[in-house]
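Morning, everyone. Let's look at some enclosed spaces in a protein model, and then at how some of its helices pack.

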Amino acid sequence: MAERRLFGTDGVRGKANSFPITPEVALQMGKAVAHVLKASGHGSRRAVIGKDTRLSGYMLESALTAGMLSMGMDVYLVGPMPTPAVAHLTRSMAAAAGVMITASHNPSDDNGIKIFNHRGLKLDDELEVEIEELVLGGEINSQHITNDKIGKAHRIDDARGRYIEYAKSTIDNLSLSGLRIVLDCANGAAYHLGPLIFRELGAEVMKFGCDPDGFNINRDCGALHLGQLGEKVRSFGASVGIALDGDADRVMFCDGDGAIIDGNKIIGLLAVELKGKNRLKQNRIAATVMSNLGLYDALRTHGIDIVTTPVGDRHVLQALRAQDLSFGGEDSGHLIFTDYATTGDGIIGALQLLAILKERQKSLTELTDFITIYPSKLVNIHVSEKRNLDEVAAVREILERCTLELGNQGRHLVRYSGTENLLRILVEARSEELVEQWTTCIADAVRRELAPV
């Protein structure tokens, strides 16, 4: 497949007001999405548009809406809303398309566009290519849409309530009374409805990261910045800390002592609990190549297999659907329960975990201590271009030596970011010394050969 100019690993993303995140491109994107998905055979001419709390969301929302309306598609605006909520509302409203305006965990000066089909699923590669070709191919003709066929825009005032009730139903509206939680909403899309959900189920909630100003999304808060979470858990005397990212499709946790719980351990705990309730189809989950070897070892002892996928929640979901599995995730916080959602859902993932804490009456550390995490280190290096590593002799030779020495006692994973000019280097081994040794060797070789001059 030819190199993509718009779509990356998770929709379209970039700096706000710079290509491709401009109102001009968004207008064309709206027209292209309407043209492609309105004609998808679903029979609907409706689209749902949500956004996170970035200032640039207003600009992109207006442009996308105008493009869709000009093509005869009706638009339902739901305002700030988690990505999984937009996917859910797209399905529940029988819309032809859902659009989420977000750059997820990125800083506020980035933004992006995620697109869902009528099933609430991220688009397959073929549809993304079709949309991209229309957007980049020039003006999309909408003159055939006469005045009486132009779409209408509606604001859905009760959209939050619809998702709140659905999310609570995934644990049968179980009472969470007696649980004290700290909730960090990253000043993002869940800032309003996140605290409501847990409070309505009876939990005592201390919230922070719930005061968005258009610029502070993910700033020193949220699932990628966990420094404050543990401190607030200890000061509040909470039993658990929960941190969402900017669009609330991922979630991270800390225990009552403020210790961050590795995402692999969360996946392992949820998998074992689902199996114990006969809700883990085929006793198998899907997880990415970034998953720690300790997760494989622990789940193997519980009779649970892992289907390994490339990085990205869309790949996890593809494996879950292809093999008819019920659960999978990424250690970065994406948790996908196919009985409830078509994408990673931080709030539903948190609810599933809180239900376990309520039922088992044990700490999160106690519940996850059956998993021993291999030492690992992840290094991100800026590169001038994304060259094929097999063609960079010095890097290739270091990687071959690392593979030979680690054998079955560890591994390395070196890959380019799908959204930035970064090379990610992960080394995992049974000893910290080996991790440090090989991380340094690989990173030095990459900097010599690929780093910007």
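This is a predicted model, so please keep that in mind. I'll begin with a cavity.

The second largest cavity holds about 50 Å³ of space. Which residues line the second largest cavity? Start with Pro84, Ala87, His88 and Arg91. Then come Tyr163 and Tyr166. The rest of the lining is Tyr340, Ala341, Thr342, Thr343, Asp345 and Ile348.

Two helices each give at least two residues to that lining: H3, residues 83-92, and H5, residues 159-169. H3 supplies the largest share, with 4 residues. By class, the lining of this second largest cavity has 7 nonpolar, 3 polar and 2 charged residues.

Now the largest cavity. How much space lies in the largest cavity? About 80 Å³. Its lining includes Phe7, Thr9, Asp10 and Gly11. Further along the chain, Lys114, Ile115, Lys122, Leu123 and Glu128 also line the largest cavity. Arg314 completes the list. Sort the lining of the largest cavity by class, and you get 5 charged, 3 nonpolar and 2 polar residues. Counting cavities of 30 Å³ or more, the model has 4.

On to the helices. Two packed helices are described by the angle between their axes and the distance between the axes. Keep both values in mind for each pair.

Take helix H6, residues 193-200, and helix H11, residues 346-360. They pack at about 25°, with axes 11 Å apart. Why is H6 called roughly parallel to H11? Because angles under 35 degrees count as roughly parallel, H6 is roughly parallel to H11. The crossing of H6 past H11 is right-handed.

Which residues meet there? From H6, we have Leu193, Gly194, Ile197 and Phe198. From H11, we have Ile347, Ala350, Leu351 and Leu354. That contact between H6 and H11 has 7 nonpolar residues, 1 polar and no charged ones.

Here is another pair. Helix H13 covers residues 393-406, and helix H14 covers residues 432-450. Their axes lie 9 Å apart, at an angle of about 170°. Angles over 145 degrees count as roughly antiparallel, so H13 is roughly antiparallel to H14.

On the H13 side, the contact residues include Ala394, Val395, Ile398, Leu399 and Arg401. Cys402, Glu405 and Leu406 belong to the H13 side too. Among their partners in H14 are Leu434, Gln437, Trp438, Cys441 and Glu449. By class, the contact of H13 with H14 has 12 nonpolar, 1 polar and 3 charged residues.

That's my tour. Thanks for listening.

Terms used:
Residues are numbered from 1 along each chain as its sequence is written. This is a predicted model: local features need pLDDT of at least 70, side-chain atom pairs count only at pLDDT 80 or more; totals for chains, interfaces and linings use all residues. Side-chain values use heavy atoms; hydrogens and water are left out. On a 1 Å grid over the protein atoms alone, a cavity is a set of points where a 1.4 Å probe fits but cannot get out, and a pocket is an open set with protein on both sides within 12 Å along at least five of seven lines; lining residues have an atom within 4 Å of a point. Grid points are joined across faces, edges and corners, and a volume is the space filled by probe spheres set on the points. Ala, Val, Leu, Ile, Met, Phe, Trp, Tyr, Cys and Pro count as nonpolar, Asp, Glu, Lys and Arg as charged, and the others, Gly among them, as polar. Axes are lines fitted to C-alpha atoms, for helices over the stretch in contact, and angles run from 0 to 180 degrees between N-to-C directions. Angles under 35 degrees count as roughly parallel, over 145 as roughly antiparallel, 65 to 115 as roughly perpendicular and the rest as oblique. A crossing is left-handed if the near helix is turned anticlockwise from the far one by less than a right angle, and right-handed if clockwise. Contact means heavy atoms within 4.5 Å.
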